[in-house]
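Let's take a walk through this structure, with an eye on how its helices pack and where its charged side chains pair up. Have the sequence and the model open as you read.

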Amino acid sequence: MDIALWVNEEEVKLSVAPDALLIDTLREAVGLTGSKKGCATGDCGACTVLMDGLPVTSCLVLSATAQGKEIVTIEGLAVDGHLHPVQQGFVDFGAVQCGYCTPGMIMMATAVLAEEPHPTEAQIRTGLAGNLCRCTGYSKIIAAVNSAALMIGEGA
Ligand code: FES
Ligand code: FES
């Protein structure tokens, strides 16, 4: 079936199978491999992207249902070569080890901060509860997101 959607502010038109998953379409058809496919069952959050501004696990979204939607992936966060504050926070705090969880974690954190610009640590932890990281122990991730909230508050 033919679909048209917006990915990182560019219109994309493609033909997809009825059972094609958004994560596969983004990675294989659109060529944006930043979003990761971990579990493919909605459990790890590695595939998180924004759809019409809300976070979704793209391994649970049929590509066909993305018709007409606006998708933002990790590749679309930086603006004019400037990292998004959440990305910068991850860099500053060394919140990345193997990196497999990182794109999904950053997309979810971006959504958390869009919803609550001044989150408590508990709100950050709750917001990221669906995103699993097997490497970092989460402390640096929480610090990175907290730092991003401060950067955004300062107009970054
Ligand atoms: S790959 Fe989608 S939640 Fe794990
Ligand atoms: S950095 Fe390895 S899974 Fe999070």
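Helices α2 and α5 are oblique to each other. In this predicted model, α2 covers residues 85-92 and α5 covers residues 139-153, and their axes come within 8 Å and cross at roughly 135 degrees. Angles over 145 degrees would count as roughly antiparallel, and 65 to 115 degrees as roughly perpendicular, so a crossing at roughly 135 degrees is put down as oblique. As for its hand, the α2 and α5 crossing is right-handed.

Who does the touching? On the α2 side, the contact is made by Pro85, Val86, Gln88, Gly89, Phe90 and Asp92. On the α5 side you'll find Ile141, Ala144, Val145, Ser147, Ala148, Met151 and Ile152. Sort the residues of this contact by type and you get nine nonpolar, three polar and one charged.

Helix α2 has another partner to look at. It packs with helix α3 (residues 102-115) at an angle of about 125 degrees, the axes being 9 Å apart. That angle makes α2 oblique to α3. Here too the crossing is right-handed. From α2, the residues involved are Val86, Gln87 and Phe90. From α3, they are Thr102, Met105, Ile106, Ala109, Thr110 and Leu113. By type, the contact of α2 with α3 holds six nonpolar, three polar and no charged residues.

Put the lists side by side and Val86 and Phe90 turn up in the contact with α5 and again in the contact with α3. Which residues of α2 are buried? They are Pro85, Val86, Gln87, Gly89 and Phe90. The cover over these buried residues includes α3 and α5.

Thr102 is worth a click while you're in this area. It is found in helix α3, and at 9% relative accessibility it counts as buried. Leaving aside residues up to four places away in sequence, Thr102 touches Phe90 and Val96. Just beyond the other helix, α2 is followed by Gly94, which has a positive phi near 55 degrees.

Now for the charged pairs. How many salt bridges does a search of the whole structure find? It finds three, and here they are with their N to O distances:

| Basic residue | Acidic residue | N to O distance |
|---|---|---|
| Lys37 | Asp24 | 2.9 Å |
| Lys69 | Asp52 | 3.9 Å |
| Arg125 | Glu121 | 2.9 Å |

Take Lys37 and Asp24, whose side chains meet in a salt bridge. This pair links distant parts of the chain: Lys37 sits in the loop between α1 (22-29) and β3 (48-51), while Asp24 belongs to helix α1, and the two are 13 residues apart. Is each partner buried or exposed? Lys37 counts as partly exposed, at 30% relative accessibility. Asp24 has 19% relative accessibility and therefore counts as buried, the cut-off for buried being under 20%.

Lys69 and Asp52 pair up at 3.9 Å, and a salt bridge needs the atoms to be within 4 Å. This pair also links distant parts of the chain, 17 residues apart: Lys69 is in the loop between β4 (54-57) and β5 (70-72), and Asp52 is in the loop between β3 and β4. Lys69 counts as partly exposed at 27% relative accessibility, and Asp52 counts as partly exposed at 44%.

Glu121 and Arg125 are a pair within one helix. Both lie in α4 (residues 121-127), four residues apart, which is about one turn of the helix. Glu121 is partly exposed, with a relative accessible area of 47%, and Arg125 is partly exposed as well, at 38%.

Finally, a look at the backbone. Most residues other than glycine have a negative phi. Asn8, although not a glycine, has a positive phi of about 50 degrees. You'll find Asn8 in the loop between β1 (2-7) and β2 (10-15). Asp80, again not a glycine, also has a positive phi, near 50 degrees. Asp80 lies in the loop between β5 and α2, and it is exposed, with a relative accessible area of 73%.

Notes: Residues are numbered from 1 along each chain as its sequence is written. Chains are lettered from A and ligands numbered from 1 in the order in which they are written. This is a predicted model: local features need pLDDT of at least 70, side-chain atom pairs count only at pLDDT 80 or more; totals for chains, interfaces and linings use all residues. Side-chain values use heavy atoms; hydrogens and water are left out. Axes are lines fitted to C-alpha atoms, for helices over the stretch in contact, and angles run from 0 to 180 degrees between N-to-C directions. Angles under 35 degrees count as roughly parallel, over 145 as roughly antiparallel, 65 to 115 as roughly perpendicular and the rest as oblique. A crossing is left-handed if the near helix is turned anticlockwise from the far one by less than a right angle, and right-handed if clockwise. Contact means heavy atoms within 4.5 Å. Ala, Val, Leu, Ile, Met, Phe, Trp, Tyr, Cys and Pro count as nonpolar, Asp, Glu, Lys and Arg as charged, and the others, Gly among them, as polar. Buried means under 20% relative accessible area, exposed over 50%, partly exposed in between (1.4 Å probe, protein chains only).
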